Amino acid sequence: MNLAKNLEASAFFFPDNPAVRQAGCVTTYAKLNEQANRIATGLIRMGVQQGEHIGLCAVNSAEWIAFYFGVIKAGAVAVTLSASLTANELAILVNHSKPRLMFTTEAKLAEMERMKDSPGLEKIICPGGDLDLDGLMKMGSGSFTALDRERVDTAAILYTGGTTGMPKGVMLTHEGILHSAHSVAYSERSTESDVALCFLPFNHVFGQMHIMNATILSSGCLELLPSFDMDRVMEVMQSGRLTKFFAVPTVYMRLLTHGDLEKWLGRLRYCFSAAASMPVEIVRQWKERTGISIAEGYGMTEAMPVSYNHYHRHVVGSVGQPVHGVEVQIRDEFGKPVEQGYKGEICVRGPIVMKGYLNDPKGTQAASWGGGWYRSGDVGLFDTDGYLYIIDRLKDMIITGGENVYSREVEEVLYASQMVQECAVIGLPDKEWGERVTAVLVPKPGKKIDSQDLKAFVKGRLSAFKVPKEFLVVDEMPKNPAGKILKRELKEKFLVGKN
C-alpha cells in the first residue's frame with residue numbers, strides 16, 4: 001500500500017486532465033506524476049531511506065504537491081510545516097521532527113540555513129539552497145512506481161495548530177489518509193470534472209487531507225491560491241470554473257457582506273466549511289442568498305473525517321453522520337458511553353485515527369481510552385437519526401457560579417443579531433462567579449455594538465447565567481493560518497489588560 005498510488009491512478013485514467021491550475025499555469029496529471037517520479041528517484045539516489053523524515057515548508061503550489069507525493073512514493077515520511085511560522089517556532093518543530101532534507105522557498109532559506117546544525121537536517125532544497133527542485137528532478141527518472149509500504153506505516157506528519165499549547169506531531173498512516181480521501185470524495189460526490197479552490201495551507205489537515213488528497217484521488221482539478229485574498233477569491237469565482245468551494249466560517253461571513261454575491265457562483269455546486277464551528281445563522285443566510293447549503297463535517301488533525309453532513313439530507317447545525325468504517329461514541333468523564341441524546345465527550349475509533357503523537361507516548365496515551373478509541377476533547381451528542389452535533393470544546397466550557405456554559409451556544413445567539421460579524425465567547429477569572437462569561441466581538445461593517453441592546457437580545461434567548469457579563473469590541477480576531485479564532489490568545493490579551 002502507498003498513498004501515492006492515488007496520483008498514479010489519476011495519471012493513468014486521466015493523463016491530460018488538469019491536476020493543478022495556479023496563476024494561469026496548468027499542470028496535467030501526467031506531468032504531475034512524472035515530476036513526483038523524478039523527485040522520488042532523485043531522493044533515493046541521494047540516499048533517502050524508507051521511513052526517513054523529509055520536510056516541506058512552503059506555500060501552496062504545484063511543486064509542493066509534486067514534492068509531497070515524491071517523498072511518499074519513495075517510502076519516506078512527509079513532515080509538513082507552516083510557511084508562516086517564525087524562525088523560533090520553526091526551529092522547535094525541526095528539532096522535534098528531525099527531517100533529513102527540507103523543501104522550502106527563498107524567503108525561508110536564511111532561517112533554514114541556520115538550522116542545518118540541528119540533528120539530522122543535512123540539505124535545503126530551494127533556489128539558492130544546496131539543491132533546487134529542478135536539479136533534484138534532473139537526478140531522477142520520470143518512470144517509477146510508488147514503493148510498497150505497510151498500511152500502518154506513517155505517510156505524513158502534521159503538526160496541530162497549537163491553539164491550546166505546544167503543537168504536537170500527528171503521525172498519519174497510509175491507510176488512514178487513503179480512507180480519509182475516499183470518505184471525502186464519496187461524501188461530496190466528487191468526480192474528474194470538479195474544480196476545487198484551495199487557499200488553505202497544505203500543512204493543515206483541511207488543506208492537505210480534505211481538499212488536496214481527496215481531489216487527487218477523484219482526479220479533479222485543484223485551483224490554487226498561495227493564501228486567502230478576497231479579491232483573488234472573487235476573481236476565480238467569477239471565472240465560472242469552480243464547482244467546489246472550501247473555506248472557514250470567517251470567509252463565508254465576509255462573502256455575505258457583498259451585495260452581488262449571487263453573480264459570482266458560475267458552476268459552483270458544493271460549499272464546505274471546516275476548521276471551526278459554523279454558526280447556524282450563517283448557513284441559513286448563505287442558503288437563502290445562493291441556494292447552496294454549506295456542508296460541514298467533523299474531524300481534527302488526529303482523525304479526519306469522523307462524520308459528514310449528508311449530500312442529499314443536509315441537517316443545518318449538525319456535522320452529519322459517521323462515515324463508513326468509523327465508530328463514534330459519546331462518553332462521560334469516566335469513559336462510559338452515555339445514552340442517545342445526552343452530552344459527553346466525542347470518542348472515535350477507525351482507520352482514520354492517528355498512529356500517535358511523534359516522540360510523545362504519554363500524550364498519545366492521554367488521548368486514548370484504550371482499545372483504539374481516540375478522545376477528541378469535544379462535547380457532542382447524537383439525535384434520534386444518528387446525526388452528530390458539536391456542543392463545544394471541553395476546554396472552552398465556562399464554569400460560572402457553578403453552572404456549565406458552552407461557549408458555542410452563546411456564540412450562535414450572538415451571530416443571529418444584526419450587529420455581530422465575528423465573535424468568541426471566553427471565560428475570564430471572576431472573584432464572585434469563578435469565571436465570567438465574556439463576549440469578544442467584531443461588529444459588522446457600518447454597525448456599532450450596543451452592549452445593552454445585545455445583552456437584551458441574548459437574554460431573550462438564553463438562561464440568565466449564560467448571558468455575557470461583558471462585551472469587548474475588537475477590530476479583528478487573532479487566528480491561526482487555517483482561520484480558526486485563537487481563544488487562548490484572546491484570554492491572554494484581556495487578562496493582561498485587566499492587570
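Helices, of at least four residues, and strands, of at least two, are DSSP runs numbered from the N terminus. In these terms, the largest share of the lining of the largest cavity, three residues, is supplied by helix 7. The structure described here is a predicted model.

The search for cavities covered the whole structure and returned one of 30 Å³ or more. The volume of the largest cavity is about 70 Å³. Its lining is made up of Leu172, Thr173, Gly176, Ile177, Ser180, Val205, Met209, Thr301, Met304, Pro351, Ile352 and Val353. Eight of these residues are nonpolar and four are polar, while none is charged. At least two lining residues come from each of strand 8 (169-173), helix 7 (174-187) and helix 8 (205-217).

Two open sheets are described in turn, beginning with the sheet that contains strand 8. This sheet has seven strands in the order 6-5-3-4-7-8-18, and its pairing is mixed. Its edges are formed by strand 6 (123-125) and strand 18 (356-357); each has a single partner strand, so one side of each has no neighbour in the sheet. Within the sheet, strand 4 (residues 77-80) pairs with strand 7 (residues 154-159) in the parallel sense, over three bridges. In this pairing, Ala78 stands opposite Ala156 of strand 7. Helix 7 lies across strand 7 and strand 8, and runs at about 75° to strand 8. Helix 7 is thus described both by its place on this sheet and by its three residues in the cavity lining. The loop between helix 7 and strand 9 contains Arg189. The phi angle of Arg189 is near 55°, a positive value in a residue other than glycine.

The other open sheet has nine strands, with mixed pairing and the order 2-1-10-9-11-12-13-14-15. Strand 2 (25-28) and strand 15 (321-322) are at its edges, and because each has a single partner strand, one side of each is left without a neighbour in the sheet. Strand 12 (residues 270-273) and strand 13 (residues 294-300) are paired in the parallel sense, with three bridges between them. Phe272 is placed opposite Ala295 of strand 13.

Helix 8, which also contributes at least two residues to the cavity lining, lies across several strands: strand 9 (195-198), strand 10 (221-224), strand 11 (244-247), strand 12, strand 13 and strand 14 (303-308). Its direction is at about 140° to that of strand 10. Strand 14 includes Pro305. The peptide bond leading from Met304 to Pro305 is cis, with omega near -10°. Met304 is also one of the residues lining the largest cavity.

Aromatic pairs in the structure number 14. One of them is formed by Phe199 and Phe245, which are tilted, with 6.2 Å from centre to centre and 55° between the planes. This pair links distant parts of the chain, as Phe199 lies in the loop between strand 9 and helix 8 and Phe245 lies in strand 11, 46 residues apart. Strand 9 and strand 11 both appear in the order of the nine-stranded sheet, and both are among the strands that helix 8 lies across.

Methods. Residues numbered from 1 in each chain as written. Predicted model: local features only at pLDDT ≥ 70, side-chain atom pairs only at ≥ 80, totals over all residues. Heavy atoms only, no water. 1 Å grid on protein atoms, 1.4 Å probe; cavity = no way out; pocket = protein on both sides within 12 Å on 5 of 7 lines; lining within 4 Å. Points joined across faces, edges and corners; volume = space filled by probe spheres on them. Nonpolar A, V, L, I, M, F, W, Y, C, P; charged D, E, K, R; others polar. Pairing = 2+ DSSP bridges. Contact = heavy atoms within 4.5 Å. Axes fitted to C-alpha atoms, helices over the stretch in contact; angles between N-to-C directions. Phe/Tyr/Trp six-rings, centres within 6.5 Å; stacked < 30°, edge-to-face > 60°.
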